[in-house]
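Dear colleague,

I am passing on the structure we spoke about, with the sequence alongside. Please keep it open while you read the notes that follow.

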Amino acid sequence: MAKQKKQVIILAIILAAALIAFFAAKKYTEKQEAAEDKSYTAYSADSDDILKITCTGKDITGYTISDESGSWTFADTGAAVDEDVTSSILDTLGGIDSTTYLKDVTDMDQYGINDPQMTVTVTDKDGNETTLTFGDYNSVTGEYYLRIDDQNILYGASESDYQALAKNAEDMAAPEETETDTEAAQTETEAAETETETAAQSQ
């Protein structure tokens with residue numbers, strides 16, 4: 001009888017330990033999944049509110065473009081910029097999401113912020129400037145460390161967001177209109193005029 005009672009106690013202890021281990025593992029898994037799903041918005045701006053964008057970097061010539069004339073141009077020359085490239089830049093600035101959030105950072109050197117890979121300054125139509133400083137690349141997260149203004153918080157910017165902003169001035173220039181393009185436009189105009197004349201004559 002005593003032996004059976006001892007066995008029941010042992011089984012009860014094993015069962016209790018198994019239950020504790022099960023719930024602990026479940027809780028850990030839930031925490032891990034929550035951490036993986038956690039996303040932060042490092043920076044976002046409405047494209048309609050942006051007046052000027054200046055970009056400088058280690059491996060790029062950079063650019064300064066503005067919308068002061070009602071269309072995006074190079075700020076120094078007034079030359080037109082590529083609409084597709086500009087649209088990509090504005091879309092990126094519309095929302096840089098991050099899986100990285102490091103607060104109370106005191107040593108920015110550790111993350112390459114004081115010797116950045118790239119700096120982007122965004123000026124809104126009220127004259128307010130926001131500086132995005134891109135530090136070292138973190139191969140584990142696949143993100144560049146990103147600091148907004150002089151905050152002691154670091155986010156992460158994806159490789160795709162970084163590359164969308166990191167442009168050379170020559171890559172930003174609007175494509176030159178070729179003779180073929182001019183001829184095609186003229187042909188379309190002539191065709192439209194002919195169609196209008198034909199429609200008028202048939203009435």
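**Hairpins and sheet**

Strands β8 and β9 form a hairpin with 4 residues between them, and in its turn G142 has a positive phi of about 70°. Please bear in mind, here and below, that this is a predicted model. The two strands of this hairpin, β8 and β9 (residues 143-148), run antiparallel and are joined by 5 bridges, with T133 standing opposite R147 in β9.

On its other pairing, β8 is joined to β7 by 6 bridges, and these strands likewise run antiparallel. Here T133 of β8 is the residue that stands opposite T119, so that T133 faces T119 in one pairing and R147 in the other. Strands β7 and β8 also make a hairpin, again with 4 residues between the strands, in which G127 takes a positive phi near 90°.

These strands belong to an open sheet of 8 strands with antiparallel pairing, whose order is β4-β3-β2-β7-β8-β9-β10-β6. The edges are taken by β4 (73-74) and β6 (101-102), and because each has a single partner strand, one side of each is left without a neighbour in the sheet. For β6 that partner is β10 (residues 154-158), which runs antiparallel to β6 and is joined to it by 2 bridges; within this pairing, Y101 stands opposite Y155 in β10. Helix α2 (residues 83-93) packs on the sheet, where it touches β2 (50-57), β3 (63-66), β7 (118-124) and β8 (129-138), and the direction of the helix makes about 95° with that of β2.

**Salt bridge**

How many salt bridges does a search of the whole structure find? The search finds 1, formed by K58 with D115, whose closest N and O atoms are 3.1 Å apart. This pair links distant parts of the chain, since K58 lies in the loop between β2 and β3 while D115 lies in the loop between β6 and β7, 57 residues apart.

**Largest pocket**

The largest pocket has a volume of about 160 Å³. Its lining consists of S71, W72, A80, V81, D82, E83, D84, T86, A174 and P175, and these residues divide into 5 nonpolar, 2 polar and 3 charged. Among the lining residues are E83, D84 and T86, which fall within the residue range 83-93 of helix α2, the helix that packs on the sheet.

With best regards

Note on methods. Residues are numbered from 1 along each chain as its sequence is written. This is a predicted model: local features need pLDDT of at least 70, side-chain atom pairs count only at pLDDT 80 or more; totals for chains, interfaces and linings use all residues. Side-chain values use heavy atoms; hydrogens and water are left out. On a 1 Å grid over the protein atoms alone, a cavity is a set of points where a 1.4 Å probe fits but cannot get out, and a pocket is an open set with protein on both sides within 12 Å along at least five of seven lines; lining residues have an atom within 4 Å of a point. Grid points are joined across faces, edges and corners, and a volume is the space filled by probe spheres set on the points. Ala, Val, Leu, Ile, Met, Phe, Trp, Tyr, Cys and Pro count as nonpolar, Asp, Glu, Lys and Arg as charged, and the others, Gly among them, as polar. Two strands pair if DSSP finds at least two bridges between them. Contact means heavy atoms within 4.5 Å. Axes are lines fitted to C-alpha atoms, for helices over the stretch in contact, and angles run from 0 to 180 degrees between N-to-C directions. A salt bridge is a side-chain nitrogen of Lys or Arg within 4 Å of a carboxyl oxygen of Asp or Glu.
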